[in-house]
Amino acid sequence: MSKQLVFLFEEAKGLTRYELGGKGYGLVEMSAAGLPVPPGLVITTDVCREYYRNNGRLPEGLMAQVSEKLRQLELKTGKRLGDPERPLLVSVRSGAPYSMPGMMDTILNVGLNDEVVRGLARTTGNERFAYDAYRRLLQMFGRIVLGIHGERFEAVLKRYREKESVEHDHELSVEALKSIIDEFKRIIREHSGREFPQDPWEQIQMAIEAVFRSWNNPRAVEYRRYYKISDELGTAVNIQVMVFGNFGLNSGTGVGFTRDPSTGERKLYGEYLPYAQGEDVVAGIRTPMHIDSVDPQLREELREVANLLERHFRDMQDFEFTVESGKLYLLQTRNGKRTAQAAVKIAVDMVREGLITVEEALMRVEPSELVHLLHRRLDPRAKVEPIAKGLNASPGVATGKVIFDVDEAVQLASRGERVILARPETTPDDIRGIIAAQGVLTSRGGMTSHAAVVTRGMGKPAVVGCESIKIDLESERFVTETGLVVSKGSVITIDGSTGNVMLGEVPTVEPEMTEELRTLLSWANEVKRLGVRANADTPEAARKAREFGAEGIGLCRTERMFNAPDRLPIVREMIMAASLEERLRALDKLFPLQLGDFKEIFRAMKGLPVTVRLLDIPLHEFLPSQEALLTEVYESKMTGVKEEHLAEKLSLLKKVEQLKEHNPMIGHRGCRLAVTYPEIYRMQVRAILRAAIEVLREEGETAEVQIMIPQTSMATELAYLRRLVEETAEEVFREMGTRIRYKFGTMIETPRAALTASEIAKHVEFFSFGTNDLTQTTFAFSRDDAEAKFLAPYLDKGLLKENPFEILDQEGVGRLVRMATEEGRSSNPRLEVGICGEHGGEPKSVEFFHSAGLNYVSCSPFRIPIARLAAARATLKGKVVQAVTV
């Protein structure tokens with residue numbers, strides 16, 4: 001093998017963390033900076049990838065390279081592998097390019113054997129240290145390299161602690177340690193079918209292979225899946241000369257952070273455990289002391305190290321250290337994991353301290369982390385045990401009594417009680433209960449189900465599609481997979497950020513827009529090109545959106561207004577109308593209500609664009625379900641109710657049956673509804689334009705009105721509906737004696753609309769991609785059915801890399817978006833293009849929309865800060881790509 005795959009720390013300067021792994025990269029950089037790092041070597045991540053390509057065999061020639069570098073370490077240290085007088089002992093540790101704390105494996109004290117341990121005890125004059133180090137090697141080697149259950153070793157330790165009446169392992173006598181070593185070797189022999197290898201070289205080779213195997217252990221795989229880390233990266237292996245925190249009372253091990261990882265405060269933070277090795281701190285067997293309590297001289301050394309690390313790496317560092325006989329050694333450093341609050345504060349503070357630039361600060365904070373700052377969230381110090389898990393539909397934490405009936409939820413909430421509305425699924429009829437509840441839990445439905453979309457718009461937490469619970473509305477309870485029964489009135493907590501459901505009240509912390517977050521987002525505004533608007537249907541949502549920095553409303557859904565309790569009966573009257581005259585009378589009743597809605601929204605958004613989508617959903621969604629009506633009719637007949645009441649129910653049932661569709665998602669909705677019933681859109685356009693004019697007269701300023709047609713597939717539909725809108729607008733302008741500018745546009749949410757965008761663009765002034773429906777129609781997936789039935793196995797088996805309803809499918813749906821944008825502007829150069837699906841608040845999707853040349857994204861109010869930051873990062877990434885290209 002000619003390619004060099006093994007490097008001493010001093011040889012590896014200039015290699016990247018993708019080659020050296022995060023741990024190796026940190027050790028190489030610290031060594032080059034002159035910090036006290038024990039010498040060692042790195043086997044690059046290339047070897048891990050080759051190991052898996054070779055079906056679990058090390059590449060030919062690798063161990064020869066390792067042997068050569070170990071000989072150089074022997075010369076440097078004056079120690080030799082297997083020498084009882086001056087033994088070279090090493091640690092063999094993993095190190096992936098991205099930090100995966102605790103997910104992969106480490107073996108310490110490699111090189112010890114029966115002969116070496118006796119020599120080590122003799123030369124150090126510290127028998128206890130030598131035999132403690134040997135029992136640790138046997139325990140780690142048996143568990144990690146040979147795959148023996150750790151409980152077998154722990155049971156032996158526990159027995160000896162009890163025998164000697166001590167609490168901790170480091171208090172065991174030398175004789176006890178010698179006996180434990182004998183028992184550990186017996187366990188290895190009996191459960192692995194072989195003796196513990198006495199050859200240090202064999203130990204090293206087996207440990208290297210164990211570390212590579214740990215790349216694909218279940219916890220590492222799950223961790224990568226959660227954080228979307230590629231399986232192809234692989235791990236490096238670091239072999240480093242041992243230093244011993246278990247040498248004596250003036251030795252120990254610890255972990256430090258250069259800043260507080262919870263708050264971001266600039267102070268040394270960490271823990272120290274005397275008379276211990278590194279794994280002891282992580283295992284939590286003993287309680288470490290706070291770093292402020294250590295010896296003042298050591299504390300000062302650690303502060304100096306922390307400052308040096310920050311100046312060198314220009315980020316908050318999480319570092320591991322060991323003290324051997326009073327001397328400090330650094331064993332690892334990496335960019336520290338931190339809370340969202342800390343991430344924002346550290347980024348802003350480091351700009352003010354001159355450590356990093358504004359652009360770097362924007363790239364330091366992941367947009368998705370901001371969601372934790374904008375909703376009530378679990379107290380990170382709280383220890384919780386979920387009883388069920390569903391889809392994390394709407395972020396935030398809510399606690400209350402679980403209630404299964406909408407009317408009861410409203411009644412209890414009116415008395416000031418907190419409730420969680422639990423339903424198999426929600427419908428428009430449940431809107432009062434949703435408004436009253438702190439949060440919503442459903443056992444069915446996906447991320448764009450009624451409950452999900454409505455709660456996101458309201459900023460209420462929701463867990464939907466929680467199939468691990470069975471909701472029984474009749475007995476008013478739900479049962480978990482473990483058989484736990486949760487009855488009406490029981491207090492539960494739901495976390496819409498994780499999908500977890502918990503029994504009882506869990507401590508939470510209030511969201512807040514910190515001064516640092518406002519500063520970071522103001523920097524984002526200066527950098528980004530994409531506009532960021534909100535999906536908002538109420539004045540409250542509009543005001544919240546503006547508070548979070550929205551530059552307008554990109555989607556105002558008018559059907560949400562129809563669902564309000566005071567107007568749903570009128571909507572049903574309109575649907576039940578037997579003639580045009582009856583329908584117009586019902587629409588006349590709705591007009592002042594719509595007028596009031598639009599006035600409040602336009603007032604909240606003065607000076608900014610507001611895109612109002614005309615009625616989209618099928619009419620049958622405003623009516624009771626067929627199943628419910630059949631039950632009511634049956635019960636009415638059985639109980640002998642009045643004829644007129646029964647006739648009313650039968651008439652309603654007949655209308656439901658008339659409106660029922662086999663596939664309502666692509667049925668009689670959107671612009672197709674307007675072609676059949678143009679009077680509905682006429683009423684809405686009148687209300688929109690009149691509201692804008694009235695606000696202009698009352699306030700001196702109004703919103704920039706944009707009227708949007710949904711579910712378009714053909715240019716002819718838009719030509720027809722544009723005439724309808726323009727005729728209605730002229731009538732309003734004549735009546736009011738005032739003209740205002742407005743824009744006419746359409747949603748692009750069907751493949752045909754995208755494919756014929758150049759023709760459609762001739763009839764409009766803006767496009768807005770409805771990527772939720774465009775994804776459904778492009779994949780031919782019904783989202784609720786897909787997420788409930790087959791998306792999980794598609795993701796598990798790698799058929800899909802990501803859920804296309806959460807992260808835009810760039811190859812298919814994205815291609816339609818890019819093509820429609822380019823072709824639309826080819827026939828209408830002044831065409832404004834945006835997106836109003838929930839993808840508008842997802843960072844990877846926002847980056848794509850930036851590259852595709854859209855003018856703006858629109859998302860739920862609580863995702864606006866996320867979109868602002870993502871848009872700025874997209875601009876900065878684009879500049880980097882351009883620079884590389886040039």
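This is a tour of selected salt bridges, helix pairs and one helix end in a predicted model.

**Salt bridges between separate parts of the chain**

Begin by selecting Glu11 and Lys69, which form a salt bridge whose closest N and O atoms are 3.1 Å apart. The pair links distant parts of the chain, since Glu11 sits in the loop between strand S1 (6–8) and helix H1 (17–32), while Lys69 belongs to helix H3 (residues 62–77), 58 residues apart. With surface display switched on, compare the two partners: Glu11 is partly exposed, with a relative accessible area of 33%, whereas Lys69, at a relative accessible area of 10%, is buried.

Next, select Asp315 and Arg338, whose side chains meet in a salt bridge with an N to O distance of 2.9 Å. Asp315 lies in the loop between helix H11 (296–313) and strand S9 (317–324), and Arg338 in the loop between strand S10 (327–335) and helix H12 (340–352), so the salt bridge ties together parts that are 23 residues apart in sequence. Here Asp315 is buried, with a relative accessible area of 7%, and Arg338 is partly exposed, with a relative accessible area of 22%, because the cut-off for buried is under 20%.

**A salt bridge inside one helix, and a network**

Move to helix H5 (residues 127–145) and select Asp132 and Arg135, both of which lie in this helix, three residues apart, or about one turn of the helix. Their side chains meet in a salt bridge at 3.2 Å, N to O, and both Asp132 and Arg135 are buried.

For a view of several charged residues together, select Lys599, Glu600, Arg603, Lys606, Arg690, Glu694, Glu698 and Glu699, which are joined into one network by salt bridges that share partners. The count of salt bridges in the model comes to 72.

**H3 against H8**

Return to H3, the helix that holds Lys69, and display it together with helix H8 (residues 200–214); the two pack at an angle of about 125°, with their axes 12 Å apart. H3 and H8 are therefore oblique to each other, and H3 passes H8 in a right-handed crossing. To see the contact itself, show the side chains of Met63, Val66, Ser67 and Leu70 in H3, which meet Trp201, Ile204, Gln205 and Ile208 in H8. By class, this contact of H3 with H8 has six nonpolar and two polar residues, and no charged ones.

**H20 against H21**

Now select helix H20 (residues 568–576) and helix H21 (residues 580–604), which pack at an angle of about 155° with their axes 8 Å apart. H20 and H21 are therefore roughly antiparallel to each other, and their crossing is left-handed. On the H20 side, show Ile570, Val571, Glu573 and Met574, which meet Arg583, Ala586, Leu587, Lys589, Leu590 and Leu593 in H21. By class, the contact of H20 with H21 has seven nonpolar and three charged residues, with no polar ones.

**The end of H29**

Finish at helix H29 (residues 771–779), where Thr771, Asp773, Leu774, Thr775 and Gln776 are buried. Then step on to Ala780, which follows H29 and whose phi is positive, near 60°.

Terms used:
Residues numbered from 1 in each chain as written. Predicted model: local features only at pLDDT ≥ 70, side-chain atom pairs only at ≥ 80, totals over all residues. Heavy atoms only, no water. Buried < 20%, exposed > 50% of the residue type's maximum accessible area, 1.4 Å probe, protein only. Helix = DSSP H or I, 4+ residues; strand = E, 2+ residues; numbered from the N terminus. Salt bridge = Lys/Arg side-chain N within 4 Å of Asp/Glu carboxyl O. Axes fitted to C-alpha atoms, helices over the stretch in contact; angles between N-to-C directions. Parallel < 35°, antiparallel > 145°, perpendicular 65-115°, else oblique. Left-handed = near helix turned anticlockwise from the far one by under 90°. Contact = heavy atoms within 4.5 Å. Nonpolar A, V, L, I, M, F, W, Y, C, P; charged D, E, K, R; others polar.
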